[in-house]
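Please find below my notes on the model you sent, set out as numbered points. They take up one strand and its pairing partners, and then turn to another chain.

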Amino acid sequence: MAGICCGVVGEGETSATIEPSSRALKRRKMELLTYKFIADVAAVPATAAVEFSRKRRKLELCASGCSSSRGCDNGVESSGARNKDGSEGSQANEASRLNLPLNLCENSALEHVENESLHLVNPKFGVTSVCGRRRDMEDAVSIHPCFSQQEGSVQNGFHFFGVFDGHGCSHVAMKCKDRLHEIVKDELESDRAVEVQWKETMERSFTRMDEEVQESNGSDRISNCRCELRTPQCDAVGATAVVAVVTPEKIVVSNCGDSRAVLCRNGVAIPLSSDHKPDRPDELVRIEAAGGRVIYWDGPRVLGMLAMSRAIGDNYLKPYVIPEPEVTVTDRTDDDECLILASDGLWDVVSNDTACGVARMCLRAQKRPSAPRSPGNSGEDKKDAAFESSNKACSDASILLTKLALARHSTDNVSVVVVDLRRER
Amino acid sequence: MSLASSSATCLSSAIRNNSPEHESFQKFFECWLSGQNQHLQELISAAKSPASAADEAALRSLIERVVKHYECYYRAKATWSRRDVLAMLTPSWRSTLEDAFLWIGGWRPSMAFHLLYSKSGLQLEAPGRLSELINAMTTTTATATAIREDLADISPEQLSRVDGLQRRTIKEEKEISEEMAKRQETLAAPDIVELSHVVSEQMTAGGGGSRDGDEEEEEERVETALKPKEKGLEEVLERADELRLRTLKDVIHLLTPIQAVHFLIAAAELHLRIHEWGKKRDAKTHQQRHLD
């Protein structure tokens, strides 16, 4: 595995750099991605797949120079996607000890491209996920940059962002966090079409996710799951899922439930998903056609029980509540600023416009790259600094939105992901 | 007289007093409340004074004194609860309003996080504060310190630690509640059920009247049977109080000194005002009852 370089960033450090000790190494440095990660990125949760820490961060640096991009893939498998460290509620200091199974992988197809494009390919984002005023944490966040790695494939530049809001218990949301990106990756890789058929791919993925949830009911339940002791069959458990696959050209949002994705384009908030509420006219028609009823009991609810019309899981409400996502495919433009994915803990109290305004201000307030750290001040250093500060801006945005939601008395778990979509200038 | 010693004075004078347990704790409690009120004034003036590097030490020592005052409260509570746990679980010095919101004889530990989020939210939503925070992101760290800090400033790392602490606190709170449930259920254990039956039988057989000797013996048996149950409650109360104090300290520990001052102000204000409102309402109800 000569092609893989792994660095563990220790406490207090803000970067993992690979020191070039020879000419050859120096040359390789151009190919290596020496990413710097900001400790302040506020990923809180045990439930987030991407978990950051000041204390311990694992930073996988995958070499662009690897002869086969499989190397990167293995990197993802071994430490990223397989990370199970943060099982909910198990660790005394889990929130402050966040692992970062973040794999920043470059692929062989892009290895000779200028550094500019390397930065363009890697996503900058911030994530915050807190329990808030709830007594249980049922949200889960999953972030996987370059989640699909295939030699010479355009799919190498695809990034996965998902927010899952569980109800009944957290285990369906957790399962989505652990598995959905792998399912989507699998579907993408088995898709032989020249152009990705996004709608079909994502629909198939969500269906498979739902099937896996059904199969796992009663078997490999997460040990800390609080419903474990209650019912042998956890049929009344489900999760919303809002997933964004960001490619160099497109933003593909698949939504099932009442979490939401909002694009901030030139200061304007554009929702890329539409909440699945039981009283949404077309959803109401669909539910009634299937023989179900929407009963008002503390708001509109399917059969008077579930306050959303689509979700992963919730077997007891099938076929009225379905796991089928609505998929939107949006072409990226130079006016795009950021993408916000969040659970209803945010959207219940903060409007799309306000969220967009706050995120935009944070991105704009981003600190200028400061003076070079090393005397051998190269353009690369400056870019690293810019990358760092952009990540900081995204985490500033996600945390400020979370604080705003809490300030406005959000009574739910709050999870916010902010993805920087600005092109390098 | 420093406040630390004032709470000690409260304690010693209340102990010296030979009145029944609950009465002397009431005296201690009232004395402690006036100490809390005095601390509140100090905290408020500290929060108002302009920030400077020099006063950080002063803030720290003020916080330390306030925390010591809380510690003193829980020490006193532990002493009294060893003598009369029942009085500590149904505190007559609290108003009915407070009583209704008590969790195992005191405030619910997870409330600390709601208090923090509410206060932080109010400060974040204060006019101009949000844009001030965003502007602060552009400025360098050196100039950023000049901006007045409060709970709106909670950093990503702090929020992450608060969230972790909250989850652990709720988990412990649930465990203690479960423990309490177990102890409460023991009231229907065979020994008590049997005793209640035997005594009932005796009452029926004796036609209501019983001899003095029997009564004494019965009282002794009841005491013996209840003693371990009370001991169980005492242990749960001790755990609950330990969690309360630890949660308070842990929250303060992860805040900056000025943030901790704001948090302690919010905590004292809530405690004192709820107590007052409750007392006023009780007085009114009492008056009403007299008029009827």
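1. In this predicted model, strand β7 of chain A, which spans residues 238–246, runs antiparallel to β6(A), and nine bridges join the two. Within that pairing, A:G166 of β6(A) has A:A239 as its bridge partner in β7(A).

2. Strand β5 of chain A, residues 139–144, is also antiparallel to β6(A), to which it is joined by six bridges. Here A:D139 may serve as a point of reference, since its bridge partner in β6(A) is A:D165.

3. How many of the nine residues of strand β6 of chain A are buried? Nine of the nine residues, 159–167, are buried, so the strand is largely enclosed by the rest of the structure. The burial criterion behind this reasoning is that 20 or more other C-beta atoms lie within 10 Å of the residue's own.

4. The burial of β6(A) can also be followed face by face, for both faces are covered. On one side the buried residues are A:H159, A:F161, A:V163, A:D165 and A:H167, while on the other they are A:F160, A:G162, A:F164 and A:G166. The bridge partners named above, A:D165 and A:G166, thus belong to opposite sides of the strand.

5. Chain B, by contrast with the strands just described, has twelve helices and zero strands, and its pattern along the sequence reads α-α-α-α-α-α-α-α-α-α-α-α. Of its 292 residues, 29% count as buried. Where chain B residues at least 6 apart in sequence are in contact, 84% of those contacts join residues at least 24 apart.

Conventions. Residues numbered from 1 in each chain as written. Chains lettered and ligands numbered in written order. Predicted model: local features only at pLDDT ≥ 70, side-chain atom pairs only at ≥ 80, totals over all residues. Helix = DSSP H or I, 4+ residues; strand = E, 2+ residues; numbered from the N terminus. Buried ≥ 20, exposed ≤ 12 C-beta atoms within 10 Å, placed from the backbone. Contact = placed C-beta atoms within 7 Å. Pairing = 2+ DSSP bridges.
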